[in-house]
Amino acid sequence: MSSLLGKSLFEVSGQGPPPNKDFFQFSVTKTEVIWRWWKISLRSDGRNTKPGELRESHNDYLDDSRIQSQVNVVFGPRILQYSQALCQGHYDYLERLPDPLLLHILTHLELEDVARLGHTSHRFRKLCRSEEFWEQAVRGHCGSVSAEVEALALELGWKSVFFTSKLQLQKQISRRRKRSQKLLCTDLERYDVDTMVERSEDPESHAADIEPGSESDPGPEQLCTDMQRCGVIAGQGRGVAQGDWSADSGSSLK
């Protein structure tokens with residue numbers, strides 16, 4: 001367990017309480033306690049004041065009531081008690097475990113215990129609210145998770161998926177599937193329209209893509225038939241424009 005302890009066991013910094021504007025840093029290592037301060041003043045006589053530093057062993061710090069009093073005033077009684085516990089050898093090994101191992105431990109706790117653990121420190125609050133934890137909770141509760149549920153979790157969050165009933169999940173997945181199909185059909189229609197426009201604007205490139213003898217190749221006979229039909233239609237169009245309706249149209253001009 002000693003390998004989990006880094007060189008620095010604890011470190012905190014901040015400005016002193018009003019009206020004090022000085023800046024302080026307090027750190028506890030494996031062998032000593034370090035107290036640093038920087039004098040901050042708008043007066044000219046305080047501008048040349050150099051920063052201060054005091055180093056003491058753990059035992060000396062526990063006997064030094066003056067430094068402990070300053071730590072209490074600047075950072076509060078909770079930081080003071082925590083630093084005293086560290087100097088006495090009471091290390092918080094659980095706080096120093098890596099995140100993957102802590103997440104594995106959290107999966108074995110009840111949700112009420114996870115909620116309580118989240119109030120103990122900033123790190124545990126972050127872990128207990130993380131997407132990684134709620135993803136593990138969903139997979140552990142359901143056993144297997146489909147690709148549609150994973151996609152829904154990316155949209156809503158794993159915590160929302162965990163607290164949503166199976167019926168509501170099925171409804172949301174069904175709505176998401178219909179929305180995806182509608183978007184797919186819209187994209188296909190847009191693609192067809194764009195393709196037709198491109199081919200109409202550049203018929204030579206379209207003709208170059210057709211291989212002779214293929215199903216897309218109309219052949220000479222079909223081309224002649226199409227040309228004749230176009231000529232008939234064009235002739236009818238000119239006749240209508242001139243006011244000469246054919247007998248087949250069922251109308252005549254008097």
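1. Let's start just past a helix: glycine 89 follows α3, and its phi is positive, near 90 degrees. Helices here are DSSP runs of H or I with at least four residues, strands are runs of E with at least two, and both are numbered from the N terminus.

2. A word on what you are looking at. This is a predicted model, in which local features need pLDDT of at least 70 and side-chain atom pairs count only at pLDDT 80 or more, while totals for chains, interfaces and linings use all residues. Residues are numbered from 1 along each chain as its sequence is written, and side-chain values use heavy atoms, with hydrogens and water left out.

3. Now look along α3 itself, residues 77–87, where Ile79, Leu80, Ser83, Leu86 and Cys87 are buried (buried is under 20% relative accessible area, exposed is over 50%, and partly exposed is in between, with a 1.4 Å probe and protein chains only). Viewed down the axis of α3, these buried residues fall within an arc of 125 degrees, so they line one face of the helix. The arc is taken from the directions from the helix axis to the C-beta atoms.

4. What sits on the face of α3 turned away from its buried side? There you will find the exposed residues Pro77, Arg78 and Gln81. The cover over the buried residues of α3 includes β1 (8–15), β2, β3 (32–38), α1 (58–63) and α2 (65–75); contact means heavy atoms within 4.5 Å.

5. Serine 13 is a nice residue to click on in strand β1. Serine 13 counts as partly exposed because its relative accessibility is 43%. Leaving out residues up to four places away in sequence, serine 13 touches Phe23, Phe24, Gln25 and Phe75. Serine 13 and phenylalanine 26 are 13 residues apart in sequence, yet 6.1 Å apart in space, C-alpha to C-alpha.

6. Phenylalanine 23 belongs to strand β2, residues 23–29, and is partly exposed, with a relative accessible area of 32%.

7. Finally, the inside. The largest nonpolar core (buried Ala, Val, Leu, Ile, Met, Phe, Trp, Tyr and Cys residues joined through side-chain atoms within 4.5 Å) has 21 residues, and those with the most contacts inside it are Leu106, Leu127, Phe133, Trp158 and Val161. Among the elements giving two or more residues to this core are α4 (99–106), α7 (131–142) and α10 (166–201), and α7 gives the most, with 4 residues. A second, separate core of 17 residues includes Phe10, Trp35, Ile79 and Leu86.
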